[in-house]
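User: Please go through the surroundings of the ligand with me, one question at a time.

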Amino acid sequence: MNMNPERKLVKSYARAFAPATVSNIGPGFDLMGFPIFDLGDIVEVTVNDLSCSRITDIIGNSTLSKELEKNTAGAAVKSFLDKYAPGEYVDIVLHKLLPIGSGLGSSAASAVAAVVAVNTLLSKPLEVKDLVDHALDGEVVASGSRHGDNVIPSLVGGIVVISDPVNFNFFKVDAPQDLIVLTFHPHVEIKTSEARAMLPMMISVSESIKQTAGAVTLITGMIKGDYSLVKAASSDYIAEPFRSKLIPGYHEVKFMASSSDAIAMNISGSGPTSFYFSKLWRQQRGSNLKFKKFMIKLDLA
Ligand code: HSE
């Protein structure tokens, strides 16, 4: 391939991994998120000589559409190639390792892995920040809305705060060194599009003040490494009151978390996964045993 000097795709094959994400982080609805690198999706792209891109295989999930524009990875690749290599096409293999409807940014991970892979085929790959729009073009297929709090942390890593939700400008905040995250994933599926549809169109001034206070406090706590402030991740006045009803046992578990060594707990994305902040066990061996007990209890439940 690539005998034609006009071609933009100079490599024939690439494979990329993109991590799962926890988004919202409590009071940062649509504005904050971070990756979980142990979990994620993989996308392989191979340049073809056809007149269209195609999804040739989805490994690990038989329910997702293989139609290019109905699949988050396919739509992201199409958006990218239409702009940077029009007239050139790829075959896509999606390794769907994340559960769908999990609250772990599954659709975003497929879209991000897809654009990262296809970007690698260019002679001069774009900077990562320039991939955001194309990954969002993919994610929107599943979520029905363009929000960057899964796509951006999956792409760039770290705790991401979106400073401009229209243009998707963002900055990153370092997490305290000894902060760890646990996630629990009940086996129910929640579609992001449905979980967004159930949210109120407006919240009151007093709730918006509380939400802002939580968001500012959480980020300040992250920056200062002050866990008494990081606790603010447990508050959310936009999504949690409504979505928690979809998650079996959510309030009981939150109560248990509040009486354990968990620093904070909330819904991950649109759920049903929940996340828990704690301190690294080796530095907190004594008191974190309580947190460990709390986890064992949950396992048995
Ligand atoms: N911020 C989005 C929401 C994330 O909560 O709807 C969805 O994964």
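The turns below deal with the ligand and the residues around it.

Analyst: This is a predicted model, in which local features need pLDDT of at least 70, side-chain atom pairs count only at pLDDT 80 or more, and totals for chains, interfaces and linings use all residues. Residues are numbered from 1 along each chain as its sequence is written, and side-chain values use heavy atoms, with hydrogens and water left out.

User: Between which domains does the ligand lie?

Analyst: The shell, taken as residues with a heavy atom within 4 Å of the ligand, includes Phe-29, His-147, Thr-192 and Arg-243. Because both domains, whose bounds come from an automatic or database assignment, give residues to this shell, the ligand lies between domain 1 (13–173) and domain 2 (180–300).

User: Which side chain has an N or O atom 2.5 Å from a nitrogen atom of the ligand?

Analyst: Polar contacts here are pairs of N or O atoms within 3.5 Å. An oxygen atom of the ligand is 2.9 Å from such an atom in the side chain of Asn-150, while a ligand nitrogen is 2.7 Å from one in the side chain of Asp-149. The side chain with an N or O atom at 2.5 Å from a ligand nitrogen is that of Asp-30.

User: How much of the ligand's accessible area does the protein cover?

Analyst: Accessible areas come from the Shrake-Rupley method with a 1.4 Å probe. On its own the ligand has 260 Å² of accessible area, and the share of this that the protein covers is 98%.

Conventions:
A polar contact is a pair of N or O atoms within 3.5 Å; within protein, one must be able to donate a hydrogen and the other to accept it, and residues adjacent in sequence count only if both atoms are side-chain atoms.
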